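Grab a pencil and try a few exercises on ligand contacts and aromatic rings. Each one comes with a worked solution.

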Amino acid sequence: MTLGPPRVVSIEDLRRLARRRLPRAVFDYIDGAAEREVTLRENRRVFEDVTFRPRQAVAVAPCDLSATVLGTPVSLPVLLAPVGSSRLFYPRAEEAAAHVAGAAGTIYILSTLSGCRLEDVRRATSGTAWYQLYLVGGREAALAGIARARAAGYAALVVTLDTPVAGLRERDVRNGVKEVLSGGLAGLPFLPQFLAKPRWLFDFLRDGGLMRFPNVIIPGQGALAYLDVEAALQETTVTWQDLGWIREAWGGPILVKGVLTAGDARRAMAEGVDGIIVSNHGGRQLDTVSPTLRALPEVVAAAGTRVTVLMDGGIRTGSDVVKALCLGAKAVLVGRAYAYGLGAAGEAGVGRAVDILRRDMVRTMKLLGCASVKDLNRSYVDVPAQWAGATQASPLRGGQDDLSDVLA
Ligand SMILES: Cc1cc2nc3c(=O)[nH]c(=O)nc-3n(C[C@H](O)[C@H](O)[C@H](O)COP(=O)(O)O)c2cc1C
């Protein structure tokens with residue numbers, strides 16, 4: 001599907017198009033978050049608390065957006081975050097998004113809960129791909145997934161920590177997601193929302209309709225069913241102890257996703273991780289946790305230069321990306337920004353989302369008077385004084401190498 005060139009100039013435009021094309025339940029699955037959605041809103045709003053300090057009359061051309069993330073050179077420090085069930089938004093959506101990421105010179109992170117086979121997604125990108133691990137389906141299923149991801153050539157494993165249960169997404173409950181997935185009579189009252197979007201329905205059925213998760217094969221049962229995800233998450237909390245066997249099985253770089261505090265950052269480093277992703281799952285898990293941009297300085301201060309710190313949550317413009325980099329993130333991940341693109345127009349929509357962010361970044365960097373993302377630092381922004389770890393000179397809380405509190 002193509003997107004007409006004019007008018008789609010922001011991620012918000014893609015969101016509007018996704019809302020038009022998708023059934024309400026599918027759009028709300030992307031757009032919604034946990035409980036009262038306070039963290040979802042704060043993730044966005046907090047970018048307004050950080051203001052730029054431009055250097056005028058500095059000629060900046062060309063503008064260098066390239067970075068190295070965990071040893072991988074990227075031409076755009078914006079990675080595509082793991083977004084489960086993307087295939088509900090558009091046919092073979094995970095492959096489409098991976099393809100765009102490769103062409104854009106960045107990294108695609110595939111969710112365990114993908115609708116496409118991980119091997120097919122890996123083949124779809126010319127670039128680097130990482131695999132995000134949930135332990136849904138138990139240890140044996142996870143070990144099989146890890147072995148497949150390694151054989152397929154995924155370069156790093158992202159272990160998501162913030163999902164010991166599924167968050168309460170009230171919109172999903174109101175839209176009857178469970179009833180529809182159960183396939184029984186209880187789902188009937190909720191079906192009109194799908195019938196109201198014939199173009200989506202046609203694409204969805206053409207792509208095989210509701211399928212199972214092909215990367216979670218449960219011994220004796222086969223692929224995990226959509227309806228069983230919530231229960232499966234609940235049965236399989238990842239603990240710090242699990243990182244040991246995961247690392248042994250994987251044998252490559254590991255990042256943990258979902259860290260919001262210096263304490264957890266130190267704990268992650270003590271477990272030998274290679275990277276930390278400051279994330280609150282886009283506000284979809286525990287509501288009213290800190291917005292991620294605000295948590296970032298604290299984690300960066302704790303991590304020092306020992307591990308790669310990435311961040312996601314609320315990023316919708318290139319200037320958001322630049323602010324996160326100024327606060328110490330090596331790169332960011334975007335979730336909804338490209339998921340709206342998928343919902344709007346599949347691969348073309350993801351391409352547009354990436355283009356929007358890239359162009360925004362270049363413009364912002366030029367206006368800021370900074371020629372390279374490698375030169376971005378705290379001196380380009382003002383940060384509220386009360387933020388933990390906000391001032392460059394602040395002593396590291398607990399000391400960078402003081403692991404006693406986590407190892408006790
Ligand atoms: C529809 C949707 C599905 C998601 N599925 C996963 C997932 O399967 N695994 C995971 O670790 N994070 C998942 N996330 C969280 C994202 O990886 C990322 O942390 C979040 O979207 C960042 O916030 P943003 O959407 O504001 O960019 C999902 C997010 C969305 C919006």
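The exercises below deal with a predicted model.

**Exercise 1.** Find out which residues make polar contacts with the ligand, and how much of the ligand the protein buries.

*Solution.* Start with the nitrogen atoms of the ligand: a backbone N or O atom of G84 lies 2.9 Å from one, and a side-chain N or O atom of Y134 is also 2.9 Å from a ligand nitrogen. Next, take the oxygen side, where a polar side-chain atom of R316 sits 3.0 Å from a ligand oxygen. Now for the cover: on its own the ligand exposes 600 Å², and the protein buries 98% of that. Finally, look at the shell, which has 22 residues, with P82, S111, T160, D312 and G314 the closest. It splits into 7 nonpolar, 10 polar and 5 charged residues.

**Exercise 2.** Classify the ring pair of Y131 and Y154, and work out which parts it ties together.

*Solution.* A search of the whole structure turns up 6 aromatic pairs. In this one the centres are 5.7 Å apart and the planes meet at 65°; over 60 counts as edge-to-face, so that's our label. Then place the residues: Y131 is in strand β6 and Y154 in the loop between α6 and β7, so the pair ties together parts 23 residues apart in sequence. Y131 is buried at 1% relative accessible area, and Y154 is buried at 5%.

**Exercise 3.** Now do W200 and F204: stacked or edge-to-face?

*Solution.* Their centres are 4.7 Å apart with 15° between the planes, and under 30 degrees counts as stacked. Both lie in helix α10, 4 residues apart, about one helical turn. Ring pairs also bring F194 into a cluster with W200 and F204.

How values were computed:
Residues numbered from 1 in each chain as written. Predicted model: local features only at pLDDT ≥ 70, side-chain atom pairs only at ≥ 80, totals over all residues. Heavy atoms only, no water. Near = heavy atom within 4 Å. Polar contact = N/O pair within 3.5 Å; in protein donor to acceptor, adjacent residues only side chain to side chain. Areas by Shrake-Rupley, 256 points an atom, 1.4 Å probe, with all protein chains shown as cover. Nonpolar A, V, L, I, M, F, W, Y, C, P; charged D, E, K, R; others polar. Phe/Tyr/Trp six-rings, centres within 6.5 Å; stacked < 30°, edge-to-face > 60°. Helix = DSSP H or I, 4+ residues; strand = E, 2+ residues; numbered from the N terminus. Buried < 20%, exposed > 50% of the residue type's maximum accessible area, 1.4 Å probe, protein only.
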